[in-house]
Amino acid sequence: MKIIVFAEHREGQIRKVTFENITLAKSLGVPFEVVLMGNTAENAVETLARYGAEKIIKVSLSGLDTYSPDGYAKALAELIKKEKADILMLGATATGKDLAPRVAALLDAPAATDCIHVELQGDRLKLVRPMYAGKVHANIRLNGTVQILTVRPNVYSAIESPAQPTVREENITVDEVKTILKEIVSGAKGKLDVTEADIIVSGGRGMKGPENWHLIEELASLLGAATGASRAAVDAGWRPHDEQVGQTGKTVSPSLYIAIGISGAIQHLAGMSSSKYIVAINKDPEAPIFKVADYGIVADLFEVVPRMIDELKKMKN
Amino acid sequence: MNIAVCIKQTPDTEARIKLTDDQKRVDESDIKFILNPYDELAVEQAVRLKEANGGEVTVISLGPDRVTTAMRTALAMGADKAIHLKTDRHPDDPLVTAKALAEVLKEGNYDLIFLGKQAIDDDHNQMPSVLASILNMPAATVVIKMELKDDTVTVEREIEGGHEILEFKIPAIIGAQRGLNEPRYPALKGIMRAKKIKIEEREVSLAPEQLIVESYMYPPPKNPGKIVGDSADAVPELLRLLHEEAKVI
């Protein structure tokens, strides 16, 4: 049995979900190797080792200087064959969710995306993945010689467990690359994405308009949180699409989700009810959001949120 | 331009998902079905390109007879042709669906193939990427902006906290994300036109599935929460609970 964990990096830096996946792979109790592909920062090996990567395969790609989804997919598929790996594990990120199915199709192997529970029974993975944005969960088995999965970020914790890594170098030639990454444009400076955030402060129709969003932003900044929005707020043009949480937006699992002026339509609840703790602030005691909230305040958000901001400022001092 | 759009019919976002008693399947009896919202964006983009450059838009959908309703919606939005791949159900394994779609896509020699970035029922997020490998074509998914100049496509795709800009040549595959456009509501004229278009039916044989859904379950129920108070005066207690009990701030 052998698991390959794909180390995702952007602009040279290893992404957190990789450390979560290393911790998870370690816990499955079979040999695993971490594959580091393309150009990474000098300390990449060191950081991977800190989370318990004992075996690292450093793959250099001839014929490919930058990221290419089809180029990386071909290289990964080739590596899996060469290493006779049984399982390929990636993060359910923008990159992982694109790469996993590409590799799966190249190997004629099944891929399960966005898994929230991963177990190994004999040589078969036993997986749980949400469907219908989390309204139901599916128990998944993968047949086939290679099993591919992506794991949802923030579900498994990354635990430091320093290892002395052995590093192996491999070279793979990638020819005929079809899609080339030209540029990465960062969003608003320092803006945290809802899918990666540990805390999310989200606003809905109750916010009454975009002019009041400074309340959400100030509260989020005090908590080091990302800002989210309900579909109503996005459809009204108050907030950008990439902040939308729910069935036609992002599905999130932060430690803390603060829903402000959000009634809790079923499509919204589907996208956020797997958060560890949910706080609801809404003046309507009948709002469905209170059914999933761990803590609620039934009051006018325009009184509650400024008070939260004041109290948090006091706590900080 | 010869454009294909692969679409899926999915339950409405407001639908409650009920399982059959044996929890082996989703009970579809009370579900209202719609054109997958991300596929609406795909259809819209295809129709806009046709309107700007001329050509033809073909929608392709795999599934039971009910999916033709979603195909009619796509036709009403401006697609010209429809091919229905008849099966008794949607396969659990996206690779199996992709193989069947790929057969039809190969025949059509399309310049561009559009899809939604994901279907809102199975949430696999796989189809554009899987088809890229099977058809050996360039592809980008989660696309929020697209430009076509001669035979070169430049897209912006959404990634965590930013965008990637990718470039490739047609023929190519695009997976649509919200923000790409605002899909139109079919006008009466479009609906009447759609009614006259004959949907081509094809029987397909599906490859064996390797991803198996053994059963479904409801997510674990949340423990009943606590109403901390009914005014802003409850804020200090709320923050104390978050700090000391939940330990999340």
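**Exercise 1. Find the turn residue with a positive phi in the hairpin of β9(B) and β10(B), then work out how β10(B) sits among its neighbours.**

Start at the turn: β9(B) and β10(B) make a hairpin with two residues between them, and Asp150(B) in that turn has a positive phi of about 50 degrees. Before going on, some housekeeping: this is a predicted model, where local features need pLDDT of at least 70, side-chain atom pairs count only at pLDDT 80 or more, and totals for chains, interfaces and linings use all residues. Residues are numbered from 1 along each chain as its sequence is written, while chains are lettered from A and ligands numbered from 1 in the order in which they are written.

Strands here are DSSP runs of E with at least two residues, helices are runs of H or I with at least four, and both are numbered from the N terminus.

Next, the pairing (DSSP must find at least two bridges between two strands). Strand β9 (residues 139-149) of chain B runs antiparallel to β10(B) over six bridges, and Lys145(B) has Glu156(B) as its bridge partner in β10(B). On to β11(B): eight bridges join β10(B) to this antiparallel strand, with Val153(B) partnered by Phe168(B). That hairpin also has two residues between the strands, and Gly161(B) takes a positive phi near 70 degrees.

Last step, burial. A residue is buried if 20 or more other C-beta atoms lie within 10 Å of its own, exposed if 12 or fewer, and partly exposed in between, with C-beta atoms placed from the backbone. Six of the eight residues of β10 (residues 152-159) of chain B are buried, so the strand is largely enclosed by the rest of the structure.

**Exercise 2. Sort out which residues of α9(A) are buried and what covers them.**

First get the helix itself: α9 (residues 301-316) of chain A has 16 residues and reaches 22 Å from its first C-alpha to its last, close to the 22 Å expected at 1.5 Å a residue. That expected span is 1.5 Å times one less than the number of residues.

Now pick out the buried set in α9(A): Leu301(A), Val304(A), Val305(A) and Met308(A). They cover an arc of only 90 degrees around the axis, which is why they share one side of α9(A). The arc is that of the directions from the helix axis to the C-beta atoms.

Then flip to the face turned away from the buried side, where α9(A) carries the exposed Asp310(A), Lys313(A) and Lys314(A).

For the cover, use contacts (C-beta atoms, placed from the backbone, within 7 Å). The elements over the buried residues of α9(A) include α5 (214-223), β16 (256-260), β17 (277-282) and β18 (295-298) of chain A, plus α6 (235-245) of chain B. One of these, β18(A), also runs parallel to strand β15 (residues 226-229) of chain B, joined by three bridges. There, Ile297(A) has Gly229(B) as its bridge partner.

**Exercise 3. Describe the contact between chains A and B, and follow it into α3(B).**

Count residues: 76 come from chain A and 70 from chain B. Helix α4 (residues 94-107) of chain A gives the most to its chain's side, with eight residues. By class, that side of chain A has 39 nonpolar, 19 polar and 18 charged residues. Nonpolar covers Ala, Val, Leu, Ile, Met, Phe, Trp, Tyr, Cys and Pro; Asp, Glu, Lys and Arg are charged; the others, Gly among them, are polar.

Now cross over to α3 (residues 94-108) of chain B. Its buried residues include Leu101(B) and Leu105(B), and the buried set packs against α4 of chain A together with β1 (2-7), β6 (56-63), β8 (112-116) and α4 (127-135) of chain B. Just after α3(B), Asn109(B) takes a positive phi of about 45 degrees.

**Exercise 4. Track down the unusual backbone spots: where do Tyr132(A), Gln23(B) and Pro171(B) lie?**

Keep the background in mind: most residues other than glycine have a negative phi, and most peptide bonds are trans.

- Tyr132(A) has a positive phi of about 50 degrees and lies in the loop between β9 (124-131) and β10 (136-142) of chain A. With 24 C-beta neighbours inside 10 Å, Tyr132(A) counts as buried.
- Gln23(B) has a positive phi of about 55 degrees and sits in the loop between β3 (18-19) and β4 (26-27) of chain B. With 14 C-beta neighbours inside 10 Å, Gln23(B) is partly exposed.
- Pro171(B) follows a cis peptide bond from Ile170(B), with omega near 0 degrees, in the loop between β11 (162-169) and β12 (172-176) of chain B.

Methods
Two residues are in contact if their C-beta atoms, placed from the backbone, lie within 7 Å.
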